[in-house]
Amino acid sequence: MSVYESIMQGLNEAVEYEKGNLKAKAVKCTVNPVPDFDSSEIKEVRTSLNMTQSTFAAVMGVSIKTVEAWEAGTNKPIGTARRMLSMLQKDNTLPMKFDIITESV
């Protein structure tokens with residue numbers, strides 16, 4: 001199916017739904033709360049990835065000073081950083097999977 005055909009199919013389905021001729025699929029999902037991380041857990045995530053603070057900061061999209069402050073316990077990560085830490089904690093291959101890090105020989 002081409003992109004055009006896919007878009008047209010979606011638009012036609014939206015029109016039919018609005019007319020009451022088509023039932024929408026209902027999907028229920030639950031988003032787990034974002035966990036807190038203390039300084040030792042953050043350092044543990046970073047070391048499990050075999051990264052320096054500099055590389056880890058680049059992967060997380062923050063400054064080196066931010067990573068230093070997290071690991072010293074001066075500051076705590078918030079929001080998206082906590083979610084990403086939790087994902088990295090569960091799967092330390094994520095940076096490779098999403099081409100965040102590429103290895104060169």
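Q: How accessible is Arg83 in this predicted model: buried, partly exposed or exposed?
A: In this predicted model, Arg83 is found in helix H5. Buried means under 20% relative accessible area and exposed means over 50%, with partly exposed in between. Arg83 has a relative accessibility of 27%, so it counts as partly exposed.

Q: Which residues does Arg83 touch, leaving out those up to four places away in sequence?
A: Touching here means heavy atoms within 4.5 Å. Arg83 belongs to helix H5. Without counting residues up to four places away in sequence, its partners are Val31, Asn32, Pro33 and Val34.

Q: How far is Arg83 from Asn21, going by their C-alpha atoms?
A: Along the chain, Arg83 and Asn21 are 62 residues apart. In space, the separation of their C-alpha atoms is 40 Å.

Q: Is Arg82 buried or exposed?
A: Arg82 also has its place in helix H5. The cut-off for a buried residue is under 20% relative accessible area. Arg82 has 19%, so this residue is buried.

Q: Which residues are in contact with Arg82, leaving aside neighbours within four places in sequence?
A: Arg82 lies in helix H5. Once neighbours within four places in sequence are set aside, the contacts of Arg82 are Val34, Pro35, Asp36, Phe37 and Pro77.

Q: Which kinds of elements make up the protein chain, and in what order do they run?
A: The chain holds 6 helices and 0 strands. Read from the N terminus on, the order is therefore written with helices throughout: α-α-α-α-α-α.

Q: What radius of gyration does the protein chain have, set against a compact globule of 105 residues?
A: The C-alpha atoms fill a box of roughly 60 × 35 × 20 Å along the principal axes. A compact globule of 105 residues would have a radius of gyration near 13 Å. For this protein chain, the value is 21 Å.

Q: What share of the 105 residues counts as buried?
A: A residue counts as buried at under 20% relative accessible area. The chain exposes about 8,000 Å², and carbon and sulfur atoms supply 55% of that area. Of the 105 residues, the buried share is 21%.

Q: Which residues of the largest nonpolar core touch the most other members?
A: In soluble globular proteins, nonpolar side chains tend to be buried together. The largest nonpolar core of this chain has 15 residues. Those that touch the most other members are Val45, Phe56, Met60, Leu85 and Leu88.

Q: Which helix gives the most residues to this core?
A: At least two residues of the core come from each of helix H2 (39-48), helix H3 (53-60), helix H4 (64-72) and helix H5 (79-90). The one that gives the most, with 4 residues, is H3.

Q: Which residues does Val45 touch, not counting those up to four places away in sequence?
A: Val45 is one of the core residues that touch the most other members. Not counting residues up to four places away in sequence, Val45 touches Phe37, Phe56, Leu85, Leu88 and Gln89.

Q: Is Arg46 buried or exposed?
A: Arg46 sits in helix H2. Leaving aside neighbours within four places in sequence, its contacts are Met51, Thr52, Gln53, Phe56 and Glu71. A relative accessible area of 10% falls under the 20% cut-off, so Arg46 is buried.

Q: What phi does Asn50 have, and what is its relative accessible area?
A: Asn50 is placed in the loop between H2 and H3. Although Asn50 is not a glycine, its phi is positive, at about 55°. Asn50 is exposed, and its relative accessible area is 72%.

Q: Where does Asp99 lie, and is this residue buried or exposed?
A: Asp99 lies in the segment after helix H6 (94-97). Asp99 has a positive phi of about 55° without being a glycine. At a relative accessible area of 59%, over the 50% cut-off, Asp99 is exposed.

Q: What separates the C-alpha atoms of Ala58 and Ile101?
A: Ala58 lies in helix H3 and counts as exposed, at 61% relative accessibility. Ala58 and Ile101 are 43 residues apart along the chain. Their C-alpha atoms are separated by 9.6 Å.

Conventions
Residues are numbered from 1 along each chain as its sequence is written. This is a predicted model: local features need pLDDT of at least 70, side-chain atom pairs count only at pLDDT 80 or more; totals for chains, interfaces and linings use all residues. Side-chain values use heavy atoms; hydrogens and water are left out. The radius of gyration is taken over C-alpha atoms; the globule rule is 2.2 Å times the number of residues to the power 0.38. Buried means under 20% relative accessible area, exposed over 50%, partly exposed in between (1.4 Å probe, protein chains only). Accessible areas come from the Shrake-Rupley method with a 1.4 Å probe; for residues, only the protein chains shown count as cover. A nonpolar core is a set of buried Ala, Val, Leu, Ile, Met, Phe, Trp, Tyr and Cys residues joined through side-chain atoms within 4.5 Å.
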